[in-house]
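Grab a pencil and work through these exercises with the model open beside you. Try each task before you read its solution.

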Amino acid sequence: MVKQQAKIVVYTKAYCPFCIRAKHLLNSLELDYQEISVDGKPQLQDEMAKLAGRCTVPQIFINDKPIGGCDDLFAMHRAGEFEALVSAKA
């Protein structure tokens with residue numbers, strides 16, 4: 001049986017330590033996600049800011065809904081909320 005998971009999108013920059021931390025957590029949880037690098041792409045960073053309401057990276061989306069950045073991701077994970085959220089189908 002294939003485990004279903006929510007759609008996860010992460011907007012990142014290569015040099016960002018918070019992006020690296022967020023991706024490390026997602027990888028350690030063995031979750032699939034789409035990474036969108038905004039390095040040198042102001043149009044993608046503008047798109048991210050409009051969708052998230054924030055201009056910092058990373059910005060993480062679950063099923064097209066913004067959940068915030070790295071600190072938000074870790075807080076949800078510590079509270080046990082993140083796994084339930086990502087186990088929901090898109």
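## Exercise 1: Strand partners

Four bridges tie β1 to β3, and the two run antiparallel. This is a predicted model, where local features need pLDDT of at least 70 and side-chain atom pairs count only at pLDDT 80 or more, while totals for chains, interfaces and linings use all residues. Residues are numbered from 1 along each chain as its sequence is written, and side-chain values use heavy atoms, with hydrogens and water left out.

**Task.** Find which residue of β3 stands opposite V9, and work out how β1 pairs with β2.

**Solution.**
- Step 1: Know your terms. Strands (E, at least two residues) and helices (H or I, at least four) are DSSP runs, numbered from the N terminus. Two strands pair if DSSP finds at least two bridges between them.
- Step 2: Look across from V9, and you meet F61 in β3.
- Step 3: Now turn to β2 (residues 34-37): four bridges join this strand to β1, and the pair runs parallel. Here T12 stands opposite S37.

## Exercise 2: Two sides of β1

**Task.** Sort the residues of β1 by the way they point, and decide whether they are buried or exposed.

**Solution.**
- Step 1: Buried means under 20% relative accessible area, exposed over 50%, and partly exposed in between (1.4 Å probe, protein chains only).
- Step 2: I8, V10 and T12 point one way, while V9 and Y11 point the other way.
- Step 3: Check the cover: five of the five residues in β1 are buried.

## Exercise 3: Into the core

**Task.** Locate I60 and say which element gives the most to the largest nonpolar core.

**Solution.**
- Step 1: I60 sits in strand β3 (residues 59-62). Its relative accessible area is 0%, so I60 counts as buried.
- Step 2: A nonpolar core is a set of buried Ala, Val, Leu, Ile, Met, Phe, Trp, Tyr and Cys residues joined through side-chain atoms within 4.5 Å. The largest one has 16 residues, and I60 and F82 are among those with the most contacts inside it.
- Step 3: β1 (8-12), α1 (17-28), β3, α3 (70-78) and α4 (81-86) each give two or more residues to this core. α3 gives the most, with four residues.

## Exercise 4: The faces of α3

**Task.** Name the buried residues of α3 and the exposed ones on the face turned away from them.

**Solution.**
- Step 1: C70, L73, F74 and M76 are buried in α3.
- Step 2: These residues cover an arc (taken from the directions from the helix axis to the C-beta atoms) of only 160°, so they lie on the same side of α3.
- Step 3: The face turned away carries the exposed residues D71 and R78.
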